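The following report goes through one protein chain, moving from a single backbone position to strand pairing, burial and surface. Please keep the sequence and the model open while reading.

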Amino acid sequence: MSREDRTPQFPTPPSVEASADAHALAEREERLRAALYASRTGTFRWDIRSNALDWDENLDRLFGLAPGLTVRSLAGFLATVHPDDRARVVAACERCAATGADFDEEFRVVWPDGSVHWLDDKGRTFHDEQGRPSYMTGACVEITDRKAAEEERERLLAALGTSEARLRRILESGIVGAFYWDIDGRITDANDAFLALLGFTRDDLAAGRLDWRALTPPAWRETDRVAVAELMATGRHGEYEKEYLAKDGRRVPVLIVSAFFENSREHGVALCLDQTARRAAEEALRLREAQLREALDAAHAARAEAETANAAKNTFLATMSHELRTPLNAIGGYAELIEMGIRGPVTAAQREDLARIRRSQQHLLGLINDVLNFAKLDAGVVRFDLAEVAIAEALAAAEPMVAPQMAAKGLRFALPAWDDTAAVRADPEKLRQVLLNLLGNAIKFTDRGGEISIACDVGPTMVQLAVRDTGIGIPAERLQSIFEPFVQVDRRLSRPNEGVGLGLAISRELARGMGGELTATSTEGVGSTFVLTLPRAAATAAA
């Protein structure tokens, strides 16, 4: 007898009762539909032979589909199944079709809005007269909330297991002291870390000689009283610091937290952590902070003294420079008057001597001006009037002033072509001063027949002017110090017209004051390159 033959057969009701039975049947179907809807249960029928699948509107809702508007098919059903579950569901369907087994799977479906929902799908397979699988009917129930609850329960159990394992490791590690206590003050049990912390033994514990009230110094008993009051009111208290008396009389600082056992107001557990090392570290830190404050105060005082001394130095330099320039200007004026014949005829030898006097006067005046300029820069009182300066114009203004010196030494001057519209943001006078200083240095340290060149590299935001020479170069060990005040590249006394070593220091400060920089590279015996970097003019950069 097939499984379908075992399906109960109901007799045909008498015709006189047909109307009443139909009404009762309709009522039962209505109640069934309401129950299925309320319980979020959908039903389906799968014709295994034709592979046709149909389901009710409740199942449409469980799939997140508009009821009655979707073509129902096995492919349509499988398309809603989550990709990670689809292979398992397909395999279960194939197994049911091949063996006639019932369907019992939990899987996820993905709604059109992207949300994921869990379904519990159960189906029974019915067979034909030959015992072959014919069709399946079943029902789906949404279990999303149940799955979420199960996942939360598993998460909580895992967290609890982790916490218990962590607590076990802490108690067994010997790092944290733990003891059981009662409200009367007795310590009924303790781990080895707590006993070792206070120098007690298991025998002391067994003899009942450990009392947490007696082990608390008088100065800390009020703190304990407040903690116990909080404990009685809430069942636990926050962590706080106190001290215990060790067996040898030492005071041991600890960080402690206690709680009653569940459903108890008489017994509890306490954890305490030794704070001796932390207190020592804090004391060392306080001492170190005090030392640092003293050092900082001393540094501030020294800085104030240095600033006062620097201000006095700058005032002295400015005063001396002014006082020295007055007689030097007079020397130059008198030499010029004598050369003009105001005091009588001048011989050729006298004119040569007068020329030497005027050159020396100009040289000394230049040195004094360098000192004065450096004093102003060092004091921060130099004013920069920034404007858009065309590079071609700046070089055109500087070149005639150094051309005689280059011609006198037979030096070649190379000025490669570049964008004539290139401009920088700079103070015109101070840019000319830097260029003249760089060109003057190049002429001074380049032997006869050498070459001096200027190259321009225009970048998106900065412009670089490179002054190159084929001179004596700078030793590698001195390259980093050439921009320091009073440092000279070559101190050989045989070189005429030496300065005081302020030119490059002034030039770098002027470059920085204009928002740029001055750097140098050099190879001894080959030559040097000084690169002046300045901000590119906004109008030029935009163009």
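Asn51 has a relative accessible area of 40% and is therefore classed as partly exposed, since that class lies between the 20% limit for buried and the 50% limit for exposed residues. In this predicted model, Asn51 belongs to the loop that runs between S1 and strand S2 (52–55). The backbone of Asn51 has a phi near 65 degrees, which is a positive value in a residue other than glycine.

**Strand pairing around S5**

Strand S1 (residues 41–47), which precedes the loop of Asn51, pairs with S5 in the antiparallel sense, and seven bridges connect the two. Within this pairing, Thr41 has Val141 of S5 as its bridge partner. S5 also runs antiparallel to S4, to which nine bridges join it, and here Phe126 is matched with Tyr135 of S5. The hairpin of S4 and S5 has five residues between the strands, and in it Gly131 adopts a positive phi near 80 degrees. Strand S5 (residues 133–142) is mostly covered, given that seven of its 10 residues are buried.

How buried or exposed is Asp120, an acidic residue to be considered next? Asp120 is placed in strand S4 (residues 116–127), and it counts as buried because its relative accessibility is 13%, which is under the limit of 20%. When neighbours within four places in sequence are left aside, the contacts of Asp120 include Asp104, Glu105 and Glu106. Ala139, Cys140, Val141, Ile143 and Arg146 are also among the residues in contact with Asp120. Val141 thus appears both as a contact of Asp120 and as the bridge partner of Thr41.

**Strand pairing around S9**

A second set of pairings involves S8, S9 and S10. Strand S8 (residues 240–245) and strand S9 (residues 251–260) are antiparallel and share six bridges, with Glu241 bridged to Leu255 in S9. Five residues lie between the strands of the hairpin of S8 and S9, and Gly249 has a positive phi near 95 degrees there. S9 also pairs in the antiparallel sense with strand S10 (residues 267–274), over seven bridges, and Phe260 has Gly268 of S10 as its bridge partner.

The pairings described so far can be set side by side.

| Strand pair | Sense | Bridges | Example of bridge partners |
|---|---|---|---|
| S1 and S5 | antiparallel | seven | Thr41 and Val141 |
| S4 and S5 | antiparallel | nine | Phe126 and Tyr135 |
| S8 and S9 | antiparallel | six | Glu241 and Leu255 |
| S9 and S10 | antiparallel | seven | Phe260 and Gly268 |

**A buried aspartate in H7**

Which residues does Asp204 touch, once those up to four places away in sequence are not counted? They are Arg209, Leu210 and Lys247. Asp204 and Lys247 are 43 residues apart along the chain, and their C-alpha atoms are separated by 10.0 Å. Asp204 is found in helix H7 (residues 202–206), and its relative accessibility of 4% is the reason why it counts as buried.

**Cysteines**

The count of disulfides comes to zero. Cys96 is accordingly in no disulfide, and the nearest cysteine sulfur, which belongs to Cys93, is 6.5 Å away, whereas a disulfide would require the two sulfur atoms to be within 2.5 Å. Cys96 has a relative accessible area of 1% and so is buried. Cys456 likewise counts as buried, because its relative accessibility is 18%, a value under the 20% limit.

**A nonpolar patch on the surface**

Leu337, Met340 and Ile342 form a nonpolar patch on the surface, and together they contribute about 300 Å² of accessible area. Ile342 sits in the loop between helix H9 (276–339) and helix H10 (348–379). With a relative accessibility of 53%, which is over the 50% limit, Ile342 counts as exposed.

**The chain as a whole**

The protein chain contains 14 helices and 17 strands, and 35% of its 543 residues count as buried. Among the contacts in the chain with a separation of 6 or more, 57% come from residues that are 24 or more positions apart. The accessible surface of the chain is about 31,800 Å², and carbon and sulfur atoms account for 56% of this area.

Notes:
Residues numbered from 1 in each chain as written. Predicted model: local features only at pLDDT ≥ 70, side-chain atom pairs only at ≥ 80, totals over all residues. Heavy atoms only, no water. Patch = residues over 30% accessible without salt bridge, like charges linked within 9 Å, V, L, I, M, F, W, Y side chains within 5 Å. Areas by Shrake-Rupley, 256 points an atom, 1.4 Å probe, with all protein chains shown as cover. Salt bridge = Lys/Arg side-chain N within 4 Å of Asp/Glu carboxyl O. Helix = DSSP H or I, 4+ residues; strand = E, 2+ residues; numbered from the N terminus. Buried < 20%, exposed > 50% of the residue type's maximum accessible area, 1.4 Å probe, protein only. Pairing = 2+ DSSP bridges. Contact = heavy atoms within 4.5 Å.
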